Structure formats: structure tokens, C-alpha cells
Amino acid sequence: MHTDTNKFSWFQVPEDIKHLLILAAQSWENTSVSEQYIQQALDKTGKNTDILVAAYRFFYYKNNYSLALQTTYQLLDKIRESEKFPDKWEELKPILVNRREESPIRLYLNAYAAAGLVLAKLGEIEQAKEISMRVKEIDDKHDFGAGILLDVLTRPAEEDD
């Protein structure tokens, strides 16, 4: 089957990688086959940012939260390394606040918020709350959904009648 990869021109990866992603989408119903295509794309690209995002989405929507989280951490590490971020949150937070409109920073905040969501799905509620609080402090426009997740995680349990 021939696939027109030009309709995915916004994806800045080689044609063979686009083809693998299309094959993964076309074989969505067969999780093991589609996952193999995603893994091949990851292996061939050396952890390309666009592929990491696509892989996160794939694993998340396939309810494979542990691989979604692993992929998100890889993306965060890649951005942290390329931007030379400090390890301590107290030092990182002002950088994120001052540069929050820059593309790599927005991607970092999106990925960090996504990690919080996946941690919540995995039952790691305290870690999810901590991440959500951190992102919410930076996210004055409510772009990353951390505030909603934090509200859900901190909502008091409803009482039965």
C-alpha cells in the first residue's frame, strides 16, 4: 500500500519515518503491530522531538501509561539537555516563567503537565499534584491543563446521601 506522506508535511522527519507513523495509525486496531511501528520510528530517529510527542500520544491513547510516562520523561530530558536547564526546580522555575512563550519552553511545560496526568492515571497522586501545582504557578493563561488536573486531584470526595 502506497501512503502519501506529503499530507503530513508539518512533521519534520524523513519520509521513511512518516511512513512508519502512518503504518502505526493504519494498524491502530492491532496494538502489537502498531506499537512495533512506533518503536521502529523511535529507534531510527534517535529520539526526535516530534516522534517522542507522537509516541507519547500513541501510548497514552492505547492506555499504556508506563510507556507514555517513559516517553514523556525522554522528551523532558531532551529539552532539559538542549536548553541547559538546572536540575533544581527553584532555579528552573524563573527560567520557565520568563521564557514561557518560547516554543521549546511551551513543549517542556506541555510534556511536564502530561507527566502529571499520566502519574495520576498510574495512581501516583502526590507526584501528580506536585507537578500540577508547579505548572499551574507558571501557566497564567491556563494553556497546559495543570489547573484542571489539580482541581480534580484535590477535590473533596463527594458524600453519599
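**Figure 1. Accessible surface and overall build of the chain.** In this predicted model, the chain has an accessible surface of about 9,700 Å². Carbon and sulfur atoms hold 49% of that surface. The C-alpha atoms fill a box of roughly 55 × 45 × 25 Å along the principal axes. The chain has 161 residues, and 41% of them are buried. Its secondary structure consists of 8 helices and 0 strands. Along the sequence the pattern reads α-α-α-α-α-α-α-α. Among contacts with a separation of 6 or more, 48% join residues 24 or more positions apart.

**Figure 2. The largest nonpolar core.** This core has 46 residues. Ile 38, Phe 59 and Leu 96 have the most contacts inside it. Each of the helices α1, α2, α3 (49-61), α4 (65-83), α5, α6 (103-121), α7 and α8 (146-154) supplies at least two core residues. The largest share comes from α6, with 11 residues.

**Figure 3. Surroundings of Ile 38.** Ile 38 is one of the residues with the most contacts inside the largest nonpolar core. The view leaves aside its neighbours within four places in sequence. Beyond those, Ile 38 is in contact with Leu 21 and Ala 24. Ile 38 also contacts Ala 55, Phe 58 and Phe 59. Phe 59, too, is listed among the residues with the most contacts inside the core.

**Figure 4. Crossing of helices α5 and α7.** Two packed helices are described by the angle between their axes and the distance between the axes. Here the axes of α5 (residues 89-98) and α7 (residues 125-138) come within 9 Å. They cross at roughly 40 degrees. The crossing of α5 past α7 is right-handed. From α5, the contact uses Trp 89, Lys 93, Leu 96 and Val 97. From α7, it uses Arg 134, Glu 137 and Ile 138. By class, the contact has 4 nonpolar, no polar and 3 charged residues. Leu 96 also belongs to the largest nonpolar core, where it is among the residues with the most contacts.

**Figure 5. Ser 27 in the loop between α1 and α2.** Ser 27 lies between α1 (15-26) and α2 (31-45). Is this loop residue, Ser 27, buried or exposed? Its relative accessible area is 15%, so Ser 27 counts as buried, the cut-off being under 20%. Residues up to four places away in sequence are not counted in its contacts. Outside that range, Ser 27 touches Val 33, Ser 34 and Tyr 37.

Technical notes. Residues are numbered from 1 along each chain as its sequence is written. This is a predicted model: local features need pLDDT of at least 70, side-chain atom pairs count only at pLDDT 80 or more; totals for chains, interfaces and linings use all residues. Side-chain values use heavy atoms; hydrogens and water are left out. Axes are lines fitted to C-alpha atoms, for helices over the stretch in contact, and angles run from 0 to 180 degrees between N-to-C directions. Helices (H or I, at least four residues) and strands (E, at least two) are DSSP runs, numbered from the N terminus. A crossing is left-handed if the near helix is turned anticlockwise from the far one by less than a right angle, and right-handed if clockwise. Contact means heavy atoms within 4.5 Å. Ala, Val, Leu, Ile, Met, Phe, Trp, Tyr, Cys and Pro count as nonpolar, Asp, Glu, Lys and Arg as charged, and the others, Gly among them, as polar. Buried means under 20% relative accessible area, exposed over 50%, partly exposed in between (1.4 Å probe, protein chains only). Accessible areas come from the Shrake-Rupley method with a 1.4 Å probe; for residues, only the protein chains shown count as cover. A nonpolar core is a set of buried Ala, Val, Leu, Ile, Met, Phe, Trp, Tyr and Cys residues joined through side-chain atoms within 4.5 Å.
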